[in-house]
Every structure is written in structure tokens, then in C-alpha cells.
Amino acid sequence: MDGGGSGPAPNAARTADEVFRDYKARRAGMIKALTTDVERFFKLCDPEKENLCLYGYPNETWEVTLPAEEVPPEIPEPALGINFARDGMNEKDWLALVAVHSDSWLLSVAFYFGARFGFDREARRRLFSMINNMPTIFEVVTGAVKKQVKEKTPNSSSKSNKPSSKVLSRAESRSKAKVPKDEEESSDDDGDEEAEEHDNTLCGTCGTNDGKDQFWICCDNCEKWYHGKCVKITPARAEHIKQYKCPDCTNKRARA
């Protein structure tokens, strides 16, 4: 496992920026393995072989090989046995699974160096902030997120039947756009009524109004509100839905 070294040199300037450069380089190598070099990566992950790992190196290369023999290892080890699930899953799902484990490994390596180099709270915060501003390997491989989903607070001038949520879906944004102008102008008088509506809003799936600060999404067909987790819709996925239909409306259309 000599592909580019294990990390920053002992005499290097041990800063958050340097560890971040190491993170970016390893990440770039692993993304190559799971995208542009995916055919070669697939062949190397032979289920007949022993426990294999995907490594990313500081020179932006990657390698599929056995884990380090030394105990404890010089740096944290990636997930073992990624090759065993290759033929038992859909290829895209398998690549997504490897991507998730790769993200976890990169974080563990970065903060291992942070601990080893004695980073203080500000240095750790800076390191995480730089890492968090980049898409994860999972997001790159699956194409799930093209941009960060920004949290927004609901506009209090809207009287649409929505809970008080810190995250808006596209459906909520469209609901706000449909509010008549005269209704917006009277929002001050109706503030108490709106608050009561928010409190009484029930999820169309579980029938509760728990988790008002969680992500909710509105069906564009029946206009019922749902917890995102109840209908398996994340804020990231909602960003790509032009018109959301809840499971009930989808099933009714299928039967028709």
C-alpha cells in the first residue's frame, strides 16, 4: 500500500489547510475509482478474493488491495470486504454503498490527523467547514445533490396549510407563490389563526404533528402535508421534484 504515502510528512506544517489538501487528494482518487475508472475498479473487486479495501492516496490515485497488516494501522483503515457484495447487489447500489463508506473513511483519516497534530477547537472547526463545503463522494457518484440544500424559514405572510418548518420543499415554495396579494396584506390580522393551523397540521401518513422543525412536503394533488421521513423524501430529493404526488394519489392514479 505505497500509492502516494499515508499522509502529511512528519516535518510538514501541521495545519488544517494541509490536512484538507490531503483530504481533497484522497477524495479525488476515490472519485476516479467510482466514476471514470469504474470498469477497472469493478473488475478488481473480485468476490472470490479476500477482504479488499478501496484506498485513496495523497497523490490523487486509488488502489484496491488488502488491509494493512500492521496492528494498529498507521492511519484508520477503510471498510473491509467491499468486493463481497459486488455481485449480490445492483451495480449502482453497490457503488453508492462503497461511496458512503469512502466518505466515512475520509472523515476518520482527516480527524485522525487533526488529533495527531493537536488541533484546537478552531482548527477542527475550520477543517470540518472546508470539508463540509465540498460534495460528498456519495453525492458525486449518485448525482443526488448538485448544490447544497439551504435551510429557509417559512414566510409568515402565507396562510397555506403548512407546519412551521425550518426547511422548505419546492412544493412549499410553490404554495407560497399562489397566495393572493390581498391575503398577504391581511396577514397581520390572521397571524393567530395561521399559528393555530400550523399547530393542527397532521401528517397524512402517521397522523401526528410531531417534528414541526423537521422537513415536511406537501402533495400538489391532494394538498396534504407529510413528514419527509414518512414518505421517504429528503430535502435533497425534494429539490429535484417538480410536482410531488403522495403515495395515496400515486396509487389512485395507477388503479385508474
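Two strands are taken as paired if DSSP finds at least two bridges between them. The legends below describe close-up views of a predicted model.

**Figure 1. The hairpin formed by strands β1 and β2.** The two strands run antiparallel and are joined by four bridges. Within this pairing, Gly-56 stands opposite Trp-62 of β2. The side chains of β1 divide between two directions: Cys-53 and Tyr-55 point one way, Leu-54 and Gly-56 point the other way, and all are buried. Five residues separate β1 from β2 in the hairpin, and Glu-60 in the turn has a positive phi of about 70°.

**Figure 2. Two glutamates with positive phi in loops between strands.** Glu-60, a residue other than glycine, has a phi near 70° and belongs to the loop between β1 and β2. Its relative accessibility is 38%, so Glu-60 counts as partly exposed. Glu-223, likewise not a glycine, has a positive phi near 65°. This residue is placed in the loop between β3 (216-218) and β4 (225-227). Glu-223 counts as exposed because its relative accessibility is 57%.

**Figure 3. The largest nonpolar core of the model.** This core holds 37 residues, and Leu-34, Phe-41, Leu-54 and Leu-127 are the members that touch the most others. At least two core residues come from each of α1 (16-34), α2 (38-44), β1 (53-56), β2 (62-65), α3 (91-116) and α4 (121-132). Helix α3 makes the greatest contribution to this core, nine residues. A second core, separate from the one above, comprises 15 residues, among them Cys-218, Tyr-226, Val-231 and Cys-246.

**Figure 4. The surroundings of Leu-54.** When neighbours within four places in sequence are set aside, the contacts of Leu-54 include Met-30, Ala-33, Leu-34 and Phe-41. Trp-62, Glu-63 and Val-64 are also in contact with Leu-54, as are Pro-78, Ile-82, Val-98 and Ser-102. Leu-54 itself is buried and points from β1 in the direction shared with Gly-56.

**Figure 5. The aromatic pair of Phe-41 and Trp-62.** Nine aromatic pairs are found in a search of the whole structure. In one of them, the ring centres of Phe-41 and Trp-62 are 6.0 Å apart and the planes stand at 75°; the pair is therefore edge-to-face. Because Phe-41 lies in helix α2 and Trp-62 in strand β2, the pair ties together parts that are 21 residues apart in sequence. Phe-41 and Trp-62 are both buried. The two residues also belong to one aromatic cluster, together with Phe-42 and Trp-94.

**Figure 6. The aromatic pair of Tyr-55 and Trp-105.** The rings of Tyr-55 and Trp-105 are arranged edge-to-face, with 6.1 Å from centre to centre and 90° between the planes. Tyr-55 is part of strand β1 and Trp-105 of helix α3, so this pair ties together parts that are 50 residues apart in sequence. Tyr-55 and Trp-105 are both buried.

**Figure 7. Arg-86 between a ring and a carboxylate partner.** Arg-86 lies over the face of Phe-42, 4.3 Å from the ring centre. The side chain of Arg-86 also meets that of Asp-87 in a salt bridge, at 2.8 Å from N to O. Arg-86 has a relative accessible area of 13% and is therefore buried. Asp-87, by contrast, counts as exposed because its relative accessibility is 54%.

**Figure 8. Salt bridges that involve helix α4.** The structure holds four salt bridges. One of them joins Asp-17 and Arg-126, whose closest N and O atoms are 2.6 Å apart. Asp-17 is in helix α1 and Arg-126 in helix α4, so the pair ties together parts that are 109 residues apart in sequence. Asp-17 counts as partly exposed because its relative accessibility is 29%, and Arg-126 counts as partly exposed because its value is 36%. Arg-125 and Glu-122 also meet in a salt bridge through their side chains, at 2.6 Å from N to O. Both residues lie in helix α4, three residues apart, about one turn of the helix. Arg-125 is partly exposed, with a relative accessible area of 47%, and Glu-122 counts as partly exposed at 45% relative accessibility.

Methods: Residues are numbered from 1 along each chain as its sequence is written. This is a predicted model: local features need pLDDT of at least 70, side-chain atom pairs count only at pLDDT 80 or more; totals for chains, interfaces and linings use all residues. Side-chain values use heavy atoms; hydrogens and water are left out. A nonpolar core is a set of buried Ala, Val, Leu, Ile, Met, Phe, Trp, Tyr and Cys residues joined through side-chain atoms within 4.5 Å. Buried means under 20% relative accessible area, exposed over 50%, partly exposed in between (1.4 Å probe, protein chains only). Contact means heavy atoms within 4.5 Å. Rings of Phe, Tyr and Trp (its six-membered ring) pair if their centres lie within 6.5 Å; planes under 30 degrees apart count as stacked, over 60 as edge-to-face and the rest as tilted. A charge sits over a ring if NZ of Lys or CZ of Arg is within 6 Å of the ring centre and within 35 degrees of the ring normal.
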